[in-house]
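Here is a short tour of a structure built from several chains, meant to be read with the model open beside you. We begin with a pair of packed helices and then widen the view.

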Amino acid sequence: MIPLWMYLAVAAGLFCIGTYGVLSRRNAVAVLMSVELMLNAVNINLVAFWRYIEPSNMAGQAFAAFVFVIAAAEASVGLAIIISVYRNRRSVSVEDVDMLKW
Amino acid sequence: MLEFNAQSVAFIVFALFSLGGALGVVTTRNLIHATLYLILSLFGAAGFFVLLSAPFLAAVQILVYIGAIAILIVFAVMLTRSMTRLRELYNRQWLLSGVVGVALFLLLMIGVILPVWGINGSHVGKPVSDVVTTTVDLGIALVDQNQYVLPFEVASLLLTAAMIGAIVIARDDRE
Amino acid sequence: MENVCSINNLVACLVQSGMNPDLANLLTALGGVVLVATVPLVTVIFLIWIERKVAARVQDRLGPNRVGPFGLLQSVADAVKMITKEDITPQGADKFIYNLAPIIAFASVVLIWAVIPFTPLHIGADLSIGILYFVAVASIGTIKIMIAGWSSNNKYALLGAFRTIAQLLSYEVPLVLSLLVPVMIGGTLGMQEIVRQQGGMWFFFMAPVAAIMFFIANLAETGRAPFDLLEAESEIIAGYNIEYSGFKWGMFMAGEFMHAFTACLLTVVVFFGGWWGPGVEQIPVLGFIYLGLKTAVIYLFALVLRSTVPRVRIDQLMTLNWKWLVPISVANVIVTAFLLQVIKALGLTPQSGDLIAALPQTIILLVGNVLLGVVVFGFIGRVGRAQRAADQAVQIHTDHDDHSPVPAVGD
């Protein structure tokens with residue numbers, strides 16, 4: 001059996017790589033991809049804890065399923081916003097979206 | 001640490017997929033390549049779900065993330081014309097973000113994970129060896145009125161709202 | 001899984017010869033994979049031949065009949081020609097992705113064969129989520145189109161790829177929704193279990209609307225006629241695989257034929273009873289033959305359909321999906337769920353797996369489906385009548401407006 005802390009270490013690594021991507025990439029689509037990495041890390045954590053601590057309680061898998069739903073909803077709306085911003089400002093760099101109202 | 005059997009080989013392969021894909025996403029200049037690295041990372045996560053006795057979640061991961069979200073990201077990359085050679089890869093705070101990322105990882109590992117669940121930690125017990133729950137139990141849990149039927153219904157409402165919102169936002173109003 | 005005929009006896013032999021047990025398990029699993037994967041690879045050679053023959057006969061000509069008896073070796077000749085062609089990569093194409101796309105094209109179809117139950121005892125991997133696995137692997141197929149279209153460095157390939165993906169993603173919705181119906185009736189996601197549940201009555205007679213939706217959605221997913229807008233020669237030439245030649249194109253084509261056959265195979269497994277037939281419980285190997293015969297019938301139907309029905313336009317395609325197939329599938333799921341609960345309340349759920357026990361449920365579900373079909377045809381009739389009235393109104397309008405001094409000749 002693989003010890004639990006190895007799964008948690010991989011999930012922590014994914015989360016930190018995702019954080020680095022969100023904070024340092026210029027392109028908005030790349031930022032969204034890094035957010036998906038972070039959500040994946042959370043899912044791995046949830047299912048690992050479910051499996052190793054309390055597999056009879058379906059809370060872990062149900063919660064992971066809801067994270068899937070929310071990730072899908074957020075990715076679609078986020079990408080729609082990026083496309084709309086591109087149409088108006090001709091740029092998808094996150095640094096160029098800096099006015100509150102135009 | 002790990003004995004050499006099929007499960008640990010599979011774990012190492014999937015860990016390489018996930019972490020390698022993630023590193024590829026944050027370091028590559030070509031956005032299409034970044035999307036393919038993301039797909040590789042998502043495959044690694046699906047492999048983890050299979051190892052963790054959650055086959056339904058593995059199939060849903062491939063179906064939803066790779067079959068839908070990754071395709072959506074590819075479309076967005078192509079529609080925003082910023083794909084192949086990005087001029088600058090990182091913004092001005094890349095060094096600080098790198099420090100934050102590494103610090104967060106070290107904090108999580110040394111501060112939380114290893115003391116509690118690590119080799120000499122306080123909670124290192126044997127994992128429950130056989131899992132008797134099946135996909136049917138997950139299905140029942142999602143519609144049982146004492147369990148998770150309310151988040152299930154709210155999630156479907158959320159998806160409908162997100163679908164309508166995305167269509168409205170991305171619609172081309174210029175004609 | 002005591003009564004599953006497994007390849008594990010070989011493992012015992014290898015372990016006794018001194019091999020590490022994990023390595024022995026891995027090697028025998030790989031041997032099983034090779035066995036299961038050989039079946040589609042051998043079948044596709046035959047499929048190309050039969051497609052050409054049937055298309056030819058429908059068009060009142062002979063088809064390939066020179067190479068080998070009845071032209072059976074024509075596919076071999078084609079394969080040899082393809083292998084000896086020059087293997088080019090377009091300039092400016094992304095080499096790694098360009099070469100990866102045909103591999104994914106082929107692999108994503110062969111992967112489906114892992115969960116198909118050939119006989120009561122032989123199945124590649126008896127997953128508890130077999131149907132979900134099929135849907136997940138089918139959705140991987142969209143990746144190959146995207147990367148093939150993108151990496152060809154050709155804007156027509158990219159446009160073709162966009163349209164293909166729009167079609168594939170749209171038709172996944174009625175595919176999954178119509179698969180929900182046999183899952184609800186059988187109460188399980190596993191393929192072998194769904195086939196076992198059809199011992200009394202095939203699911204086609206309990207859910208004909210779902211079977212027809214599934215078949216149409218599969219035709220659209222695999223890009224067969226009448227939905228072959230994307231790769232027809234008179235349209236966008238070859239769509240996303242315009243820059244591929246030689247063996248890579250061959251892999252795309254072989255993958256497409258195999259996908260069509262696999263889709264018919266799945267229709268048979270889920271709706272037409274899979275390996276059930278007279279005498280299959282005693283002699284399990286007969287399951288292969290029954291499965292093959294039923295799949296051949298469905299595949300021949302798809303082949304004749306290809307030569308018969310005209311191609312749909314892209315906007316007609318999208319209208320057909322979003323305005324007709326998706327609402328019908330959703331209504332079908334609701335009606336079936338309601339009727340299944342009614343059947344359970346009345347206590348008519350078939351407990352044993354024979355014909356008489358399954359009849360009441362079959363009749364109730366069949367009546368529900370027929371009513372749904374009547375409602376749908378009523379809608380189709382109403383829309384058709386409105387369309388015809390609108391066309392005639394436009395025509396009368398233009399007739400009256402014609403005030404030219406020269407009368408029309410031969411009106």
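In chain C of this predicted model, helix α10 (residues 247-271) and helix α11 (residues 286-308) have axes that come within 9 Å and cross at roughly 120 degrees. Axes here are lines fitted to C-alpha atoms, for helices over the stretch in contact, and angles run from 0 to 180 degrees between N-to-C directions. Helices (H or I, at least four residues) and strands (E, at least two) are DSSP runs, numbered from the N terminus. The angle makes α10(C) and α11(C) oblique to each other; under 35 degrees counts as roughly parallel, over 145 as roughly antiparallel, 65 to 115 as roughly perpendicular, and the rest as oblique.

The crossing of α10(C) past α11(C) is right-handed. A crossing gets that label if the near helix is turned clockwise from the far one by less than a right angle, and is left-handed if anticlockwise. On the α10(C) side, the contact is made by Phe257(C), Ala260(C), Phe261(C), Cys264(C), Leu265(C), Val268(C) and Val269(C). Facing them from α11(C) are Leu291(C), Lys294(C), Thr295(C), Ile298(C), Tyr299(C) and Ala302(C). Contact means heavy atoms within 4.5 Å. Sorted by class, the residues of this contact come to 11 nonpolar, one polar and one charged. For these classes, Ala, Val, Leu, Ile, Met, Phe, Trp, Tyr, Cys and Pro count as nonpolar, Asp, Glu, Lys and Arg as charged, and the others, Gly among them, as polar.

Now for a second helix pair in chain C. The axes of α2(C) (residues 21-58) and α3(C) (residues 74-83) come within 8 Å and cross at roughly 110 degrees. That angle makes α2(C) roughly perpendicular to α3(C). This crossing is right-handed. Ile45(C), Ile48(C), Trp49(C) and Arg52(C) of α2(C) make the contact with Gln74(C), Ser75(C), Val76(C) and Asp78(C) of α3(C). The classes in this contact are four nonpolar, two polar and two charged residues.

Stepping back, each chain can be set out in a row.

| Chain | Helices and strands | Residues | Buried |
|---|---|---|---|
| Chain A | three helices, zero strands | 102 residues | 69% |
| Chain B | six helices, zero strands | 175 residues | 39% |
| Chain C | 13 helices, zero strands | 411 residues | 46% |

Buried means under 20% relative accessible area, exposed over 50%, and partly exposed in between (1.4 Å probe, protein chains only).

Let us look at chain A next. From the N terminus on, its elements run α-α-α. Chain A has a radius of gyration of 17 Å, well over the 13 Å that the globule rule gives for 102 residues, so chain A is more spread out than a compact globule. That radius is taken over C-alpha atoms, and the globule rule is 2.2 Å times the number of residues to the power 0.38. Along its principal axes, the C-alpha trace of chain A spans about 55 × 25 × 20 Å. For chain C, the C-alpha atoms fill a box of roughly 100 × 65 × 40 Å along the principal axes.

How do contacts relate to sequence separation? Among contacts in chain C between residues at least 6 apart in sequence, 75% join residues at least 24 apart. In chain A, residues 24 or more positions apart account for 58% of the contacts with a separation of 6 or more. In chain B, they account for 50% of such contacts.

Two residues of helix α4 (residues 94-117) of chain B are worth a visit, one of them being Leu107(B). Leu107(B) counts as exposed, at 56% relative accessibility. Leu107(B) and Gly21(B) are 86 residues apart in sequence and 23 Å apart in space, C-alpha to C-alpha. Val100(B) also has its place in α4 of chain B. With a relative accessible area of 36%, Val100(B) is partly exposed. Val100(B) and Val136(B) are 36 residues apart along the chain, and their C-alpha atoms are separated by 42 Å.

Finally, which chains meet? Two pairs of chains touch, and the pair with the most contacts is chains A and B. Chain A and chain C do not touch, and their nearest C-alpha atoms are 14 Å apart.

A note on conventions: residues are numbered from 1 along each chain as its sequence is written, while chains are lettered from A and ligands numbered from 1 in the order in which they are written. In this predicted model, local features need pLDDT of at least 70 and side-chain atom pairs count only at pLDDT 80 or more, whereas totals for chains, interfaces and linings use all residues; side-chain values use heavy atoms, with hydrogens and water left out.
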